[in-house]
Amino acid sequence: MASGEGKPSTNAGDTKGRKRKYLPHGKPVRKGAYPLRPGVQGFFITCDGGRERQATREALSILDSFYEDLVDGKGLTEKSKSVPDKPLNKKIKFEDSDSSDDDEDHSGEVADDANNSEKSETMPSEQQKEALGTSVLATKDNEDQADTADESKPKKLRVEDPPLSEQTEPKESTYKPKESNDKPIDDLIDEDLKELGDKKKRLFATLDSGCNGCIFIQMHKRDGDPGPVEIVQNMMSSIASTRKHMSRFILRVLPTEVACYASEEEITKAISPLVEKYFPKESSLVYKFAVLYEARSNTGIDRMKIINAVAKSVPQPHKVDLNNPDRTIIVQIAKTICMIGVVERYKELAKFNLRQLTSPPQQK
């Protein structure tokens, strides 16, 4: 009985050891990404709950592809201007008139050869013998003179080959500046590795939004590169035209041009540069706009106060139109951070929802 009572105790110890080894709560806690903060630009993306990691991978690959498409499109336009309209290689055209002239020349040469052959045949045998004898003597004299000339004079190079000095000098002059300007390969590789390893120089990086089913991709915009709004507009227009499935877990992709703390005063300050950019006072065009407000994990802010503050910041010539707006001001709040962006054709492009854009059209 004592031995029987001791067995369960050993099994209990084994089960505790297994739990410590194999269950996830026994592992060290893994640190997540940096939290979302004010003063960043990027993309606020909604996805399926619990699929944030897969959605971030898809978002990074999709954003990289569309960013490269925009950059390559600019490069192609510049290259097309520099390329000449006519090809550099010359084409040789054969016309009937040129070919006929050549045929006539060849025919004349052939006729002359035939006449000469006939005259040579009519010559008597004695004259032929004398001509042969004189030709043999002339050839011997010419050979002797050529041998003496070769011995006395140095050998000349071929006309096609340049002299030795010309062959060696230009090669050295062309390669010298390249060696002085180019860096060694090891230094170039080290610089590339430093750029890849430095997180600050990366174009896209992930930030923790703090909400379930939401991710944020930060963009380190460089001078002359397309911004978040341009990338998202290009993405949605191309997907709407092709209806090609690009992701499994991503739902909506919204650009963020300004991020600030979620308060009425901070939002009015942060939105002023966007208003000057998209809704200028002195403009002949009058834009109709609408304000889209969504809040997550924040119940302490009044919805109508934020909407009224954003609408009042837009100058008077521009009007509010909720049904058919030309431009939509998107205000997204996640916990204590507010993200703002201005887009076009928001309702036409299925509210920037990738699944609805790629789904087949409904038959009425």
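**Surface and overall make-up**

I began with the accessible surface of this predicted model. The protein's surface comes to about 27,200 Å². Carbon and sulfur atoms hold 52% of that area.

Next I looked up burial. The protein has 364 residues, and 27% of them count as buried.

I then listed the secondary structure. I found ten helices and ten strands.

I also checked how far apart in sequence the contacting residues are. I took the contacts with a separation of 6 or more; 77% of these join residues 24 or more positions apart.

**The cavity**

How many cavities of 30 Å³ or more does the structure hold? I found one. The largest cavity encloses about 40 Å³ of space.

I wrote down its lining: I45, A59, I62, L63, M235, I250 and V253. By class, I counted seven nonpolar residues there, with no polar and no charged ones.

Which elements each supply at least two residues of this lining? They are helix α2, residues 52-82, and strand β5, residues 250-256. The largest share comes from α2, with three residues.

**R252 on β5**

I stayed with β5, since R252 is found in that strand. Is R252 buried or exposed? Its relative accessibility is 14%, and the cut-off for buried is under 20%, so R252 counts as buried.

I looked for a polar partner of its side chain. The R252 side chain makes a polar contact with the side chain of Y346, at 2.6 Å.

I then left aside the neighbours within four places in sequence and listed what else R252 touches. From the lower numbers I have F44, I45 and T46. Further along come L292, E294 and Q332. Y346 is on this list too, together with K351, F352 and N353. One of these contacts, I45, also lines the largest cavity.

**The second largest pocket**

Last, I turned to the second largest pocket. I noted a volume of about 300 Å³ for it. Its lining has 17 residues. Which of them are closest to the centre of the pocket? V229, E230, E257, K277 and Y278 are.

I checked which elements each supply at least two residues of the lining. They are α7 (228-242), α8 (264-278) and β10 (337-344).

By class, I have eight nonpolar, three polar and six charged residues in this pocket lining. For the largest cavity, my entry was seven nonpolar and no charged residues.

Key:
Residues are numbered from 1 along each chain as its sequence is written. This is a predicted model: local features need pLDDT of at least 70, side-chain atom pairs count only at pLDDT 80 or more; totals for chains, interfaces and linings use all residues. Side-chain values use heavy atoms; hydrogens and water are left out. On a 1 Å grid over the protein atoms alone, a cavity is a set of points where a 1.4 Å probe fits but cannot get out, and a pocket is an open set with protein on both sides within 12 Å along at least five of seven lines; lining residues have an atom within 4 Å of a point. Grid points are joined across faces, edges and corners, and a volume is the space filled by probe spheres set on the points. Helices (H or I, at least four residues) and strands (E, at least two) are DSSP runs, numbered from the N terminus. Ala, Val, Leu, Ile, Met, Phe, Trp, Tyr, Cys and Pro count as nonpolar, Asp, Glu, Lys and Arg as charged, and the others, Gly among them, as polar. Buried means under 20% relative accessible area, exposed over 50%, partly exposed in between (1.4 Å probe, protein chains only). Contact means heavy atoms within 4.5 Å. Accessible areas come from the Shrake-Rupley method with a 1.4 Å probe; for residues, only the protein chains shown count as cover. A polar contact is a pair of N or O atoms within 3.5 Å; within protein, one must be able to donate a hydrogen and the other to accept it, and residues adjacent in sequence count only if both atoms are side-chain atoms.
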